[in-house]
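Work through the exercises below with the sequence and the model at hand. Each task is followed by its solution.

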Amino acid sequence: MVKSKVEQDIIDALEARAAEHGIDIIDVEVVGATKAPCVRVRLDKLEGDPINLDEVTAQTAWVSETVEALDPISSAYTLEVSSPGMKRPLRRPSDFARFVGEDVELTTTAMEGRRSYKGAIAAATDACVTIQPEGEDAVTIAFDDVKKCTLKPVFDFKGVKEGN
């Protein structure tokens, strides 16, 4: 996955402490204006049910300490700590392997005219992911060429009663 140096430095610092807290660092993004960016940290529990709001709140202190000690951005910034949400980002080869069969939205760096793909993860290795877009041939993309990939949420309203 393509990450900026600042994002990768934050990921490395957080991952060094995450296991002692039973936490998995899902993703880190630095977004927004250069003068006052937002550092988004998405985390989940290593095991068990997905993380809830109270657990995110409980983890925010050590995440904030770690990022502040690193001092990755010279100007003021906002730290946003959250769960991965329904559009969970996939960052590591193990994330892709875990979600084989799930629908994703994947953006690449410049690749032969096409940058985005929507489809199911057909396979994942340590080096690449194979996406099966609906009605198209499967395409294999090296992780070094993946800019961003998120799970595509599925909303199933079957069984929901109409009316009140």
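The exercises go from the whole chain to one strand and its partners.

This is a predicted model, in which local features need pLDDT of at least 70 and side-chain atom pairs count only at pLDDT 80 or more, while totals for chains, interfaces and linings use all residues. Residues are numbered from 1 along each chain as its sequence is written, and side-chain values use heavy atoms, without hydrogens and water.

**Exercise 1.** State how many helices and strands the protein chain has, and their order.

*Solution.* Helices (H or I, at least four residues) and strands (E, at least two) are DSSP runs, numbered from the N terminus. The protein chain has three helices and eight strands. Along the sequence they come in the pattern α-β-β-α-β-α-β-β-β-β-β.

**Exercise 2.** Find what share of the protein chain is buried.

*Solution.* Buried means under 20% relative accessible area, with a 1.4 Å probe and protein chains only. Of the 164 residues, 35% meet this cut-off.

**Exercise 3.** Describe the two faces of strand E4 (residues 103-108).

*Solution.* Val104, Leu106 and Thr108 make up the covered face of E4. Its uncovered face holds Asp103, Glu105 and Thr107.

**Exercise 4.** Which strands pair with E4, and in what sense?

*Solution.* Two strands pair if DSSP finds at least two bridges between them. Strand E5 (residues 116-124) runs antiparallel to E4 and is joined to E4 by five bridges; here valine 104 stands opposite glycine 119. Strand E8 (residues 146-151) also pairs with E4 in the antiparallel sense, over five bridges. There, threonine 150 is the bridge partner of glutamate 105.

How values were computed: Buried < 20%, exposed > 50% of the residue type's maximum accessible area, 1.4 Å probe, protein only.
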